[in-house]
Amino acid sequence: MSTPQHRSSALHALGLDAAWLAARIEESPVLLDLTDGMPRFERAVPRSGPEQFAVILFDPADGTRLIVEVQAGDADTDQLARALDLWTTERNRLPVAHRVVLAAEHVPDDVARAAALASASAPVELLELLAERTGKIVTVHGEPLPLPGADGPVAPAS
């Protein structure tokens, strides 16, 4: 049995951290590329880990709230559990349509499979965050990933 390889964080390699990313999302949630419109930032939800946070966005085009659980580096199943817990809390607090988005710099296959299983009871989406530096400018954008089973299975971990 092999252990999963953890990729180094591109944010850290660029001298940035989750606090920097949280500020960019608050300034311009459209960078996550989660909707066709212009989502609005509602609030941030602090987490205990230094490289973790959640944001709640609102898509005025369809009235959906987005629970976006963000983690620098690799996603993990604890991140998925936090996202689903926040989704449950927010749906009870404000009974409108909500979507769950798991965002990280890398989503390992086991986390993608867990998200696919969770999607049977919650609208779960996956998003890989890509950070690049061009000169003095750093850009970040979200790249949606298909859930395993949606566009074919993710290969089993070896």
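Two strands count as a pair if DSSP finds at least two bridges between them. Keep that in mind for this one, which is a predicted model. Take strand S4, residues 98–106, and strand S5, residues 124–134: 5 bridges join them, and the two run parallel. With at least two bridges needed, S4 and S5 therefore count as a pair. Within that pair, leucine 102 stands opposite leucine 126 of S5.

Now the other end of the sheet. Strand S1 covers residues 40–46 and strand S2 covers residues 52–59; 6 bridges join them, and they run antiparallel. What links S1 to S2 along the chain? A hairpin does, through 5 residues. Across this pair, arginine 43 faces isoleucine 56 in S2. As a general point, the strands of a sheet pair through backbone hydrogen bonds, and the pairing can be parallel or antiparallel.

Let me put the strands together. The open sheet holds 6 strands in the order S1-S2-S3-S4-S5-S6, and its pairing is mixed. Why does one side of S1 and of S6 lack a neighbour in the sheet? S1 and S6, the latter being residues 137–145, stand at the edges and have a single partner strand each, so one side of each is left free of a neighbour in the sheet. On average, neighbouring strands here are turned by 25° against each other, with direction ignored.

Helix H2, residues 18–27, packs on this sheet. H2 touches S1, S2, S3 (64–74), S5 and S6, and its direction makes about 5° with that of S2.

Next, the whole chain. The protein chain has 4 helices and 6 strands. If you read along the sequence, the pattern is α-α-β-β-β-α-β-α-β-β. What share of the 158 residues is buried? The figure is 44%. The accessible surface of the protein chain is about 8,400 Å², and carbon and sulfur atoms account for 55% of that surface. For contacts, consider those between residues at least 6 apart in sequence: 54% of them join residues at least 24 apart.

Last, the rings. A pair of aromatic rings is described by the distance of the centres and the angle of the planes. How many aromatic pairs are counted in this model? The count is 0. There is, however, a charge over a ring: the charged end of arginine 91 sits over the ring of tryptophan 87, at 4.2 Å from the ring's centre.

That is my part; questions are welcome.

Technical notes:
Residues are numbered from 1 along each chain as its sequence is written. This is a predicted model: local features need pLDDT of at least 70, side-chain atom pairs count only at pLDDT 80 or more; totals for chains, interfaces and linings use all residues. Side-chain values use heavy atoms; hydrogens and water are left out. Buried means under 20% relative accessible area, exposed over 50%, partly exposed in between (1.4 Å probe, protein chains only). Contact means heavy atoms within 4.5 Å. Accessible areas come from the Shrake-Rupley method with a 1.4 Å probe; for residues, only the protein chains shown count as cover. Axes are lines fitted to C-alpha atoms, for helices over the stretch in contact, and angles run from 0 to 180 degrees between N-to-C directions. Rings of Phe, Tyr and Trp (its six-membered ring) pair if their centres lie within 6.5 Å; planes under 30 degrees apart count as stacked, over 60 as edge-to-face and the rest as tilted. A charge sits over a ring if NZ of Lys or CZ of Arg is within 6 Å of the ring centre and within 35 degrees of the ring normal.
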